[in-house]
Amino acid sequence: MDPADKIADLRQRLRAANRAYFTDAQPIMSDTEFDRRLAELADLEAAHPELADPNSPTRRVGGEPVAGFETVEHAAPMLSINNTYSAEDLRAWFARVRKLLGASEAELFGENDELECTADPKIDGVALSVRYEKGQLVRAVTRGDGERGDDVTANVRTIRSIPLALDVSQAAAPEVLEVRGEVYIPLKEFERINREREAAGDEPFMNPRNACAGTLKQLDPKVTAKRKLAFSPHGRGEIAGGETPVTFSGFLEWIGKLGLPVGGHLKVVRSEEQSLEAIAAFDTMRSTFPFAVDGVVIRVNRFDLQDELGVRSKSPRWCIAYKYPAERKTTKLERVEMQVGKTGKITPRAVMAPVLLAGTTVQHATLHNFGEIRRKDIRIGDVVVVEKAGEIIPQVIEPVLAERKKGVRRIKAPVECPVCAGPVEIEPSELEEAGDFESEQETARRCVNPECPAQIRERLIWFAGRTQMDIDGLGEKTIDQIREESAIPLESFTDVFRLKNHREELLTLERMGEKKVENLLAGVEAAKGRGMGRLLGSMGIRHIGSANSRLLAKQFRNVEELKRAKLEEIESIEGFGPVRARVLFDYLHSEVGRAAFAGLGGEGVGLDSEMASAAGEVSFFNGKKIVLTGTLEGFKREELSERLRDLGAMVSGSVSKKTDILIAGEKAGSKLEKAQALGVEVWDEGTLIEKLDDG
């Protein structure tokens, strides 16, 4: 088959598989086959770039990281829904609707069904507006404040259930179609993500909604793609250029024909009692849904009547959400375990007598933090009330004081890391400064030793990353292989630079041939010369990222000079302050901090500043907002971005009227067109080199 035909055939098959799975709920292709065909398509597209298509299924894996999210205005406001928790309140809502419409009960729910309502499960997710123009996905925006939200299009394009182009084979698409809906993490995916996070030493996400919100705001779309978000439509925004259905139920049927993933759970109801029956029925079905459900939405079906009922300042009058109460049980708190996550956060976890809660047996629950424990006066041996947050994560709500017996014990917060015995930071920092280690105001307690074993795997992966120490050949898989399949010590940053002493052992590992090992060791050797600024920003010292480490490298000539600095001197550096300065100062003067730098220096890692000589100099690039696009022959994108930032520039991923300079290489695309339209100054690579030479 001709490559163009083969590519077209694969795209069609994969799009059909997405629709069958997400819209029709009738899969036609296994996950394994889908992944195989997707990989085949990606290979063909790489071999034939002239056949590229921005709406290809391969584009869902995520593109380049974005610099931030632009805030945009909604074409039509995105309103929230008022809640109710009782049958009485629901009946009162129906009465208000009748009064506003001037209708009797017989007229509202008569045989002609002109004023029927609908009931559908309220998914506990993140509200999103998806906009199509001429059938193509052009923008996806979060609710925000209802008037303006964040443009998260790059991340939403990774969601397989959202079509990149509407299917016009069964229905005509209007010029503009905005579909409002809920983005969510399917429960099985949420469980998988939390299992992986716990295995990696990370704290599990508390509930699918918060995890989904954070995923939508990831700066790297590849991270979003890995979490396999889904989408369920529940409303409309702007629609222009074409006839549209007159009812909400008809609207869902219509957009389903266009390829949107309509769930099929909607019920048409014709009385208050039918509404309550639907609410009860959905309650019994909740455990079977693939998403978290926290209630049922009841709405007037006809759009003209919705318009007549109108809206309040923040919510429509034509719909209401009936919210389910969370199930609660009591059990005995037997002991408390201390868990240390990759950020060093020490989280208390309750171990309880097993109890059946929301369909599953629960033995562990979160206690949030030590301030919360003190505020609620929870003690070991107490009978406690437990519920599932968002029907997913068990949490201890409160002790049953009436059942408290003698012998219960207070829960003691650790004064040092329970894993490495390293220094602990208490938040808010004012508590630590005041020596108040038993406050109800405490929100978090963290181990600040970046080489703590509980955190080290993630720290090593971060340390070796391209934008940190950039150690070629030492990626996540290689780190795991060395740590799991060999006796080679890899428990600290210093151990990375001792890999040269284990060359023969590395060669015995599977798929670690001579060339791969040589490349790895060469990458480790090259990293020794990155300098103090890169090193400090790579070590995972809390509050010290790449920007702050560059400031330190401009101020101090080497790590020893930094260690001699007084706390007040570090505080005075622009961008620092008491909290960041105190964390850094404590780490530099802790036993683990001194040992880390002594070990690194002993292995020949450069602890001198690579930019201290430039301190005080003002470069041409200082304060300039710069965007990079296309391929530059003499620069790697990350290295150039880092260099420009060192010179004081702000490097962004998107062009706007605030952009000062666009640096355009070969195959510059839409960013160049937008810059030219906005009158932004455009440089080629030659101009860039001249300016860099001039400083």
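Leucine 552 is in contact (heavy atoms within 4.5 Å) with Met532, Leu536, Ile544, Leu562, Ile573, Phe576 and Leu584, once its neighbours within four places in sequence are left aside. Leu552 and Met539 are the residues with the most contacts inside the largest nonpolar core, which has 48 residues; such a core is a set of buried Ala, Val, Leu, Ile, Met, Phe, Trp, Tyr and Cys residues joined through side-chain atoms within 4.5 Å. A second, separate core of 34 residues includes Ile162, Leu164, Leu216 and Leu252. The model is a predicted one, in which local features need pLDDT of at least 70 and side-chain atom pairs count only at pLDDT 80 or more, whereas totals for chains, interfaces and linings use all residues. Residues are numbered from 1 along each chain as its sequence is written, and side-chain values use heavy atoms, with hydrogens and water left out.

Phenylalanine 597 is placed in helix α24 (residues 591–602), where helices (H or I, at least four residues) and strands (E, at least two) are DSSP runs numbered from the N terminus. With 3% relative accessibility, phenylalanine 597 counts as buried, a term that stands for under 20% relative accessible area, while exposed stands for over 50% and partly exposed for the range in between (1.4 Å probe, protein chains only). Not counting residues up to four places away in sequence, Phe597 touches Leu535, Leu536, Met539, Val559, Tyr587, Leu588 and Leu607. Proline 316, by contrast, is 281 residues from phenylalanine 597 in sequence and 60 Å from it in space, C-alpha to C-alpha.

Leu216, named above as part of the second core, leads to helix α7 (residues 208–216), in which Pro208, Ala211, Cys212, Thr215 and Leu216 are buried. These residues cover an arc of only 130 degrees around the axis, which puts them on the same side of α7, the arc being that of the directions from the helix axis to the C-beta atoms. The partners against which the buried residues of α7 pack are β4 (126–133), β5 (136–142), α5 (153–156), β7 (176–184), α6 (187–199) and α8 (221–226).

Some of these strands belong to an open sheet of four, in the order β5-β4-β7-β8 and with antiparallel pairing; two strands pair if DSSP finds at least two bridges between them. At the edges stand β5 and β8 (230–240), each with a single partner strand, so one side of each is left without a neighbour in the sheet. From one strand to the next the twist averages 25 degrees. Six bridges pair β4 with β5 in the antiparallel sense, and valine 130 stands opposite alanine 140 in β5. Helix α7 lies across β4, β5 and β7 and runs at about 40 degrees to β4, whereas helix α9 (residues 248–257) lies across β7 and β8 at about 105 degrees to β8; axes are lines fitted to C-alpha atoms, for helices over the stretch in contact, and angles run from 0 to 180 degrees between N-to-C directions.

Another open sheet has four strands in the order β22-β21-β23-β24, and here the pairing is parallel. Its edge strands, β22 (650–652) and β24 (681–683), each pair on one side only. Neighbouring strands of this sheet are turned by 30 degrees against each other on average, direction ignored. Four of the five residues of β21 are buried, so this strand is largely enclosed by the rest of the structure. Strand β21 (residues 625–629) is joined by four bridges to the parallel strand β23 (residues 661–664), with isoleucine 626 opposite isoleucine 661 in β23, and three bridges join β21 to β22, also in parallel, where serine 652 of β22 is the bridge partner of valine 627. Helix α25 (residues 637–646) lies across β21, β22 and β23 and runs at about 170 degrees to β21. Helix α26 (residues 670–678) packs on the sheet as well, touching β21, β23 and β24, and its direction makes about 145 degrees with that of β23.

Two further residues remain to be placed. Glutamate 272 is found in helix α10 (residues 272–285) and is buried, with a relative accessible area of 11%; its side chain is joined to that of arginine 98 by a polar contact of 2.4 Å, meaning a pair of N or O atoms within 3.5 Å, of which, within protein, one must be able to donate a hydrogen and the other to accept it, with residues adjacent in sequence counting only if both atoms are side-chain atoms. Alanine 326 lies in the loop between β11 (319–323) and β12 (328–340) and is partly exposed, at 34% relative accessible area.
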